[in-house]
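Here's a quick tour of the hollows in this protein and of how some of its helices pack. Have the model open while you read.

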Amino acid sequence: MTLARRTPKIGLALGSGSARGWAHIGVLQALDEAGIRPDVVCGASIGALVGAAYAAGELERFADWVQSLGMRDVFGFMDFNLSGGMLKGEKLISFWRRNFADFNIEDSALPFAAVATDLHSGAEVWLRHGSIADAVRASIAMPGLFTPVVREGRLLADGGLVNPVPASLARAMGADIVIAVDLNASLLHRHMHPLGVVATQPDETAGQPAEVVDAHSAAW
């Protein structure tokens, strides 16, 4: 008896990266053009926002909205706060609820999850239940910019603090193959400088060539 081969489940892990996160839209569009359909999607910070739009089937409208944003629109979302972060974030998330999606994550046709950080313990929190809008709001709560979110007794903030590219979450959701989008790799490499090359002078009397040791480690 020949057993049928199981089709591998594809997971998509969209990383944090602030404004660079709009690049996730292009990645998703390229995957769609290549005929690649993820079976699960998860994200941290801006990756959670774009991933939620994708899970809701609203990526095209969301992309059009992002491309139409002007400075006046951005300022319109600012609801200043006196403590716990410069912005409350309620205007942005209310706009999301009205114009894109707000439903229970459990009801999503495409399994979705977001990562947040418990500010009290520093633990990683996986948001896989409840309002998708609330999950996104917690995951994008960058300290100093957005106020943290209180959820089930926890004070939650930006998921990129603990898991900037949540491939581990995609695995936990059952993915066999994970497509992980890291928006910070170029920034990381930009700040890494080689220690240099250590070389000894040739021994002219012995006629030996110089010994060259290439230092592969890097300093921050």
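Let's start inside: the structure holds one cavity of 30 Å³ or more. This is a predicted model, so local features need pLDDT of at least 70 and side-chain atom pairs count only at pLDDT 80 or more, while totals for chains, interfaces and linings use all residues. Residues are numbered from 1 along each chain as its sequence is written, and side-chain values use heavy atoms, with hydrogens and water left out.

**Hollows**

A cavity is a set of points, on a 1 Å grid over the protein atoms alone, where a 1.4 Å probe fits but cannot get out; a pocket is an open set with protein on both sides within 12 Å along at least five of seven lines; and lining residues have an atom within 4 Å of a point. Volumes are the space filled by probe spheres set on the points, which are joined across faces, edges and corners.

| Hollow | Volume |
|---|---|
| Largest cavity | about 50 Å³ |
| Largest pocket | about 580 Å³ |
| Second largest pocket | about 150 Å³ |

What lines the largest cavity? The residues are Leu-49, Phe-62, Trp-65, Leu-92, Ile-93, Phe-95, Trp-96, Phe-100 and Ile-140. By class that's nine nonpolar, no polar and no charged residues, where Ala, Val, Leu, Ile, Met, Phe, Trp, Tyr, Cys and Pro count as nonpolar, Asp, Glu, Lys and Arg as charged, and the others, Gly among them, as polar. Helix 3 (59-68) and helix 5 (90-99) each supply at least two of the lining residues, and helix 5 gives the most, with four. (Helices here are DSSP runs of H or I, at least four residues long, numbered from the N terminus.)

The largest pocket, at about 580 Å³, is lined by 20 residues, and the closest to its centre are Trp-22, Val-74, Leu-92, Leu-145 and Phe-146. Its lining has 16 nonpolar, three polar and one charged residues.

Around the second largest pocket you'll find Leu-28, Gln-29, Asp-32, Glu-33, Arg-37, Tyr-54, Leu-59 and Glu-60. Helix 1 (23-33) and helix 3 are the elements that give two or more residues to this lining, with the largest share, four residues, coming from helix 1. The class split here is three nonpolar, one polar and four charged.

**Helix packing**

Now for helix 6. Helix 2 (residues 46-55) and helix 6 (residues 132-139) pack at an angle of about 160°, with their axes 8 Å apart. Helix 2 is therefore roughly antiparallel to helix 6, a label for angles over 145 degrees. Axes are lines fitted to C-alpha atoms over the stretch in contact, and angles run from 0 to 180 degrees between N-to-C directions. Ala-48, Leu-49 and Ala-52 of helix 2 make the contact with Ile-132, Val-136 and Ser-139 of helix 6, contact meaning heavy atoms within 4.5 Å. These residues divide into five nonpolar, one polar and no charged.

Helix 5 also packs on helix 6, at an angle of about 150° and with the axes 10 Å apart, so this pair is roughly antiparallel too. On the helix 5 side, Glu-90, Ile-93, Trp-96 and Arg-97 meet Ala-133, Asp-134, Val-136 and Arg-137 in helix 6. By class, that contact has four nonpolar, no polar and four charged residues.

Notes. Parallel < 35°, antiparallel > 145°, perpendicular 65-115°, else oblique.
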